[in-house]
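Me: Please take a close look at one part of this model, the place where a helix of one chain packs against a helix of the other. Then say what surrounds it.

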Amino acid sequence: MLWTNKLSEMEDEKIINEGTQPEIEKSTGGVYPENDRSIDMHDTTLWEKFRARKVLFGIARFLFISICTIVVVFSLILFILYGVPVLKEFAPKQTKEIADNKDLKKDQDYKKKIGLITKDIQRLSLKYNTYTPGQSYIVVNTTENRFYLYKNKQLIREGSCSTGSYKKLQTAGGKTWTFKTPRGKFTIENKRTHPAWHRPDWSFIEEGEPIPPKDSPLRWEARVLGDYAMDLGDSYMIHGTIYKRFLGMPVTHGCVRLNDEDLEFVFNTLNIGSKVYIF
Amino acid sequence: METEVTKKKSRRKTTFILLSCVISAFVIYYSVMSMKGPAQKLEEIKKEFETKTTDKSDINRRIIKDSAYLRLLKERAFLQSSIVLAETDSIYLIINLADSTANIGIFGVVVHKAKLSEFQISKILKMSNESAILSMLATPLTISHSFATIKKEPVIFQMAPKDTSEYKPDIMPDTTITEPVNYILETDKGVRIYVYQEENAKIDDRISQFKFDLNSRLNDTWSALKSVAAFKVPDYHPFIKIKLPRTDAKIIYRALPRSGQIAVFS
């Protein structure tokens with residue numbers, strides 16, 4: 001409404017100006033006569049007013065068109081990004097209707113089919129349940145650095161542990177080691193008390209020490225693995241630690257570290273052959 | 001002068017109308033083509049997985065519409081899929097939408113259980129009366145690609161010290177950093193699994209999730225636009241969108257191998 005009023009006002013002024021201005025210019029050749037100065041002054045103000053309004057109107061129109069364009073473009077983008085995926089979900093129709101027919105349930109063929117599938121399901125369920133070991137096993141969560149000990153399919157102990165740091169050690173020669181705990185199913189291959197650690201090459205490289213020969217007594221280190229160690233193969237172990245403040249954090253070279261109490265409990269619960277599930 | 005201005009105006013008007021018509025026509029064409037996607041995907045699934053039954057007796061036709069029968073078929077398909085997974089030498093994921101859980105398994109042993117706080121499933125996958133969908137889900141889905149806001153393996157590089165003077169003992173890792181966890185697992189059968197973290201109280205988490213979602217939508221739209229421009233029906237990906245606590249989402253993503261397998265029970 002306001003816009004229309006302003007527009008009509010401006011149109012009127014335009015008509016007035018269009019009607020008067022050229023005539024003056026024609027008669028005087030662009031120069032205003034002295035006695036018409038007051039009228040001219042009035043006309044000039046009107047003209048300036050009109051021009052100012054015209055500029056304002058132009059700006060307003062430009063802004064209006066720009067905002068409208070932005071809104072339309074934005075709506076189109078929103079429709080394409082969010083609307084079309086929603087529309088897709090309305091597209092396919094159920095080709096068959098699901099029924100719950102009571103007469104059908106009395107049919108012998110139906111009963112036979114249902115019986116067969118039920119038997120199948122029971123057989124498959126039994127088979128699936130046999131995968132979980134009845135004996136003790138341990139589960140290690142490497143993301144959260146926690147362990148869960150099970151016996152007779154019941155959780156009997158859980159706690160913090162430390163697993164691989166994901167540190168990639170690189171030598172100047174380009175040799176690399178990534179310290180991560182392997183994931184999957186493992187078996188306790190050996191159980192040891194008061195284990196000593198046979199330091200591998202990376203242990204010396206990591207500390208900037210010269211690498212001794214394979215059979216060097218310098219490679220053996222006592223008391224760093226705690227009181228017990230359980231071998232998982234490929235030099236990976238479940239063992240104790242002297243860095244107890246790091247428990248619950250990813251700091252190891254791939255082994256699983258436990259605190260002294262948990263280690264003793266786990267050591268006494270698991271046997272050689274027990275399963276270790278690491279994920 | 002005046003006529004020139006009028007001409008210019010009318011030309012501008014015509015261009016504007018023409019442009020609007022072209023854009024509208026394209027949007028309609030794009031929408032129609034995109035909406036054809038699910039039907040085409042269903043046909044593809046039917047072609048690949050539907051088992052042709054020769055027994056077309058009346059009872060058989062009625063049985064395949066029975067809800068109890070279909071429920072049992074679904075359960076059997078899920079168990080078959082779980083057993084296939086249990087016999088593989090890999091860590092796998094079992095998404096059970098019926099009881100809102102996502103479990104990680106290794107050789108048939110459930111090693112981690114997570115509760116889904118929310119889930120949304122594509123209409124195609126809800127068509128439990130479609131035997132093709134049932135047989136598609138009777139075998140596990142294998143991850144072909146994944147896109148995530150977190151690293152699969154948070155590897156930290158370290159150069160070996162030249163001598164003992166350069167050696168710096170390990171500092172305690174910062175475990176207080178909580179990065180947003182959102183990811184998409186794209187599977188070989190075209191099914192996409194969207195995993196979003198449940199925690200959304202922080203503005204950073206919300207922004208990250210919005211960005212991640214927008215990015216995936218932009219990628220999809222771009223590939224759909226390319227298909228539509230080539231007069232092809234864009235690919236449709238049936239989806240399962242789940243929301244989990246951040247820690248569970250992270251555990252699942254890190255535990256699953258790059259080509260990990262997933263069994264779904266809807």
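Reply: In this predicted model, helix α4 of chain A meets helix α3 of chain B through a set of residues on each side. From α4(A) come A:Tyr110, A:Lys113, A:Ile114, A:Ile117, A:Thr118, A:Asp120, A:Ile121, A:Leu124, A:Ser125, A:Lys127 and A:Tyr128. From α3(B) come B:Ala68, B:Tyr69, B:Leu72, B:Leu73, B:Glu75, B:Arg76, B:Leu79, B:Gln80, B:Ser82, B:Ile83 and B:Ala86. By type, the residues of this contact are 13 nonpolar, four polar and five charged.

The geometry can be put in a few values. Two packed helices are described by the angle between their axes and by the distance between those axes. Here α4(A) covers residues 108-129 and α3(B) covers residues 67-86; their axes come within 9 Å and cross at roughly 25°. Because angles under 35 degrees count as roughly parallel, α4(A) is roughly parallel to α3(B). The crossing of the two helices is left-handed.

Helix α3 of chain B also holds B:Val84. With a relative accessibility of 38%, B:Val84 counts as partly exposed. Between B:Val84 and B:Tyr253 there are 21 Å from C-alpha to C-alpha, and the two are 169 residues apart in sequence.

B:Tyr253 is one of the buried residues of helix α7 of chain B. This helix runs over residues 246-255, and nine of its 10 residues are buried, so α7(B) is largely enclosed by the rest of the structure. The buried set includes charged side chains by name, among them B:Arg246, B:Asp248, B:Lys250 and B:Arg254. B:Ala249, B:Ile251, B:Ile252 and B:Ala255 are buried as well.

Helix α6 of chain B takes in residues 203-229. Its 27 residues should span 39 Å at 1.5 Å a residue, and its end C-alpha atoms are 38 Å apart, so the two values agree. Buried residues of α6(B) include B:Asp205, B:Gln209, B:Phe212, B:Asp213, B:Arg217, B:Ala224 and B:Val228. Just after α6(B), B:Phe231 takes a positive phi of about 55°, and this residue is not glycine. B:Phe231 sits in the loop between α6 and β9 (239-244) of chain B. Its relative accessibility is 67%, so B:Phe231 counts as exposed.

Chain A has a residue of the same kind to note. A:His194, also not a glycine, has a positive phi near 40°. It is found in the loop that joins β8 (190-193) to β9 (196-198) of chain A, and at 64% relative accessibility A:His194 counts as exposed.

As a whole, chain A has six helices and 15 strands. Of its 279 residues, 37% count as buried. Among contacts in chain A with a separation of 6 or more, 59% come from residues 24 or more positions apart. A:Phe186, in strand β7 (residues 184-187) of chain A, gives an example of a pair far apart along the chain: its C-alpha atom is separated by 5.8 Å from that of A:Lys275, 89 residues away in sequence. Beyond neighbours within four places in sequence, A:Phe186 is in contact with A:Leu232, A:Ser274, A:Lys275, A:Val276 and A:Ile278. At 19% relative accessibility, A:Phe186 counts as buried, because the cut-off is under 20%.

How values were computed. Residues numbered from 1 in each chain as written. Chains lettered and ligands numbered in written order. Predicted model: local features only at pLDDT ≥ 70, side-chain atom pairs only at ≥ 80, totals over all residues. Heavy atoms only, no water. Axes fitted to C-alpha atoms, helices over the stretch in contact; angles between N-to-C directions. Helix = DSSP H or I, 4+ residues; strand = E, 2+ residues; numbered from the N terminus. Parallel < 35°, antiparallel > 145°, perpendicular 65-115°, else oblique. Left-handed = near helix turned anticlockwise from the far one by under 90°. Contact = heavy atoms within 4.5 Å. Expected span 1.5 Å × (residues − 1). Buried < 20%, exposed > 50% of the residue type's maximum accessible area, 1.4 Å probe, protein only.
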